[in-house]
Amino acid sequence: MLVVGNWKMNTSHAEAIALAADVVRETEGIAGKAGVGVCPPFVWLDAVAERVRGTQVALGAQNVAAEASGAFTGETSAPMLSDLGCTYAIVGHSERRALFGETDADVAARARGAMAHGLVPIVCVGETLEERKSGDAEAVVRRQLEGSLDGLDVASDDALVIAYEPVWAIGTGETASPEQAQDMHATIRAALRQRLGDLASGVQILYGGSVKPGNAATLFAQEDVDGGLVGGASLDAAGFAAIVRAA
Ligand code: PEP
């Protein structure tokens with residue numbers, strides 16, 4: 001199991017440092033059974049790295065460039081993130097896809113960039129409400145998965161994490177039911193099996209979309225739900241720790 005907090009574009013410098021310290025303290029002893037990670041804004045990565053180094057809390061970035069270096073203004077590369085002590089990089093978050101036009105091909109390039117330098121990409125996929133209502137959710141997620149993993153050479157099951165995040169559940173307070181989550185996670189697992197063979201059973205598939213202390217346990221109890229990617233609720237250390245405990 002793995003629980004990763006996505007702080008998005010939140011926290012001041014001081015708040016990020018305090019939150020990191022609180023997450024380390026609140027998850028001490030719990031993490032061991034479940035992996036824990038936090039993904040602060042890029043500008044606070046260094047400061048948060050100092051607080052989590054040597055603890056049970058892993059560090060992740062909210063995105064990563066496809067390229068290792070060069071003329072890519074505003075981008076941050078995998079070697080830079082590795083240098084800071086990052087383990088994970090989220091790629092293809094629905095906000096990146098919807099607000100910044102990132103395509104499946106862009107997401108795949110970023111995932112390859114991450115992997116080439118030892119970062120574990122957390123590849124996000126998920127359908128919109130219209131796509132679910134029209135019965136296309138599985139087809140959309142399968143297509144996103146195929147495109148977003150294009151050219152990715154997955155050598156071991158811990159080199160890749162998938163996050164299923166239905167867009168209609170992100171930041172809305174609406175959560176997929178445990179059955180809806182399990183159905184889609186099983187679909188994702190089957191698609192991974194076609195691509196990766198036996199490795200697929202060990203790839204962690206996280207659920208994301210309004211995960212809270214009150215709903216985490218039933219979601220995480222589903223067979224193919226291997227933890228969560230948590231947005232809003234990760235900004236409160238005690239609540240986040242309760243979610244980790246549920247894992
Ligand atoms: C997310 O942004 O990855 C997310 C799941 O957000 P929230 O938990 O706030 O819905």
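This section describes the overall fold, the nonpolar core and the ligand surroundings of a predicted model.

The protein chain is built from ten helices and eight strands, and its C-alpha trace extends over about 45 × 45 × 35 Å along the principal axes. For a chain of 247 residues, a compact globule would be expected to have a radius of gyration near 18 Å, and the value of 17 Å computed for the protein chain agrees with this expectation. Burial and contacts were also computed for the chain: 49% of the 247 residues count as buried, and among contacts with a separation of 6 or more, 71% join residues that lie 24 or more positions apart.

In soluble globular proteins, nonpolar side chains tend to be buried together. In the present model the largest nonpolar core comprises 80 residues, of which A89, L119, I122, V123 and I162 touch the most other members. The surroundings of L119 may be described in detail: apart from neighbours within four places in sequence, L119 is in contact with V64, A78, L81, S82, C86, T87, Y88, A89 and A114, and A89, in this list, is itself one of the core residues that touch the most other members.

An unreviewed UniProt entry places the feature "binding site" at N6, W7, K8, G171, S210, G231 and G232. Although these positions are spread over 227 residues of sequence, they cluster in space, with a largest C-alpha distance of 13.8 Å. Around the ligand itself, 13 residues form the surrounding shell, and the closest are I170, G171, G208, G231 and G232; of these, G171, G231 and G232 also appear among the positions in the UniProt record. By residue class, the shell around the ligand divides into five nonpolar, seven polar and one charged residue.

Two of the annotated positions, N6 and G232, were examined individually. N6 is found in strand β1, which covers residues 2–6, and is classed as buried because 26 other C-beta atoms lie within 10 Å, where 20 or more are required. Beyond its neighbours within four places in sequence, N6 is in contact with C39, Q62, I90, L229, V230, G231 and S234, and one of these partners, G231, is likewise annotated in the UniProt record. G232, by contrast, is found in the loop between β8 (227–230) and α10 (237–246), and is classed as partly exposed because 19 other C-beta atoms lie within 10 Å, a count that falls short of the 20 needed for a residue to be buried.

Key: Residues numbered from 1 in each chain as written. Predicted model: local features only at pLDDT ≥ 70, side-chain atom pairs only at ≥ 80, totals over all residues. UniProt positions renumbered as here; feature names shortened; annotations may be inferred. Helix = DSSP H or I, 4+ residues; strand = E, 2+ residues; numbered from the N terminus. Buried ≥ 20, exposed ≤ 12 C-beta atoms within 10 Å, placed from the backbone. Contact = placed C-beta atoms within 7 Å. Near = placed C-beta within 6 Å. Nonpolar A, V, L, I, M, F, W, Y, C, P; charged D, E, K, R; others polar. Rg over C-alpha atoms; globule rule 2.2 N^0.38 Å. Core = buried A, V, L, I, M, F, W, Y, C linked by C-beta atoms within 7 Å.
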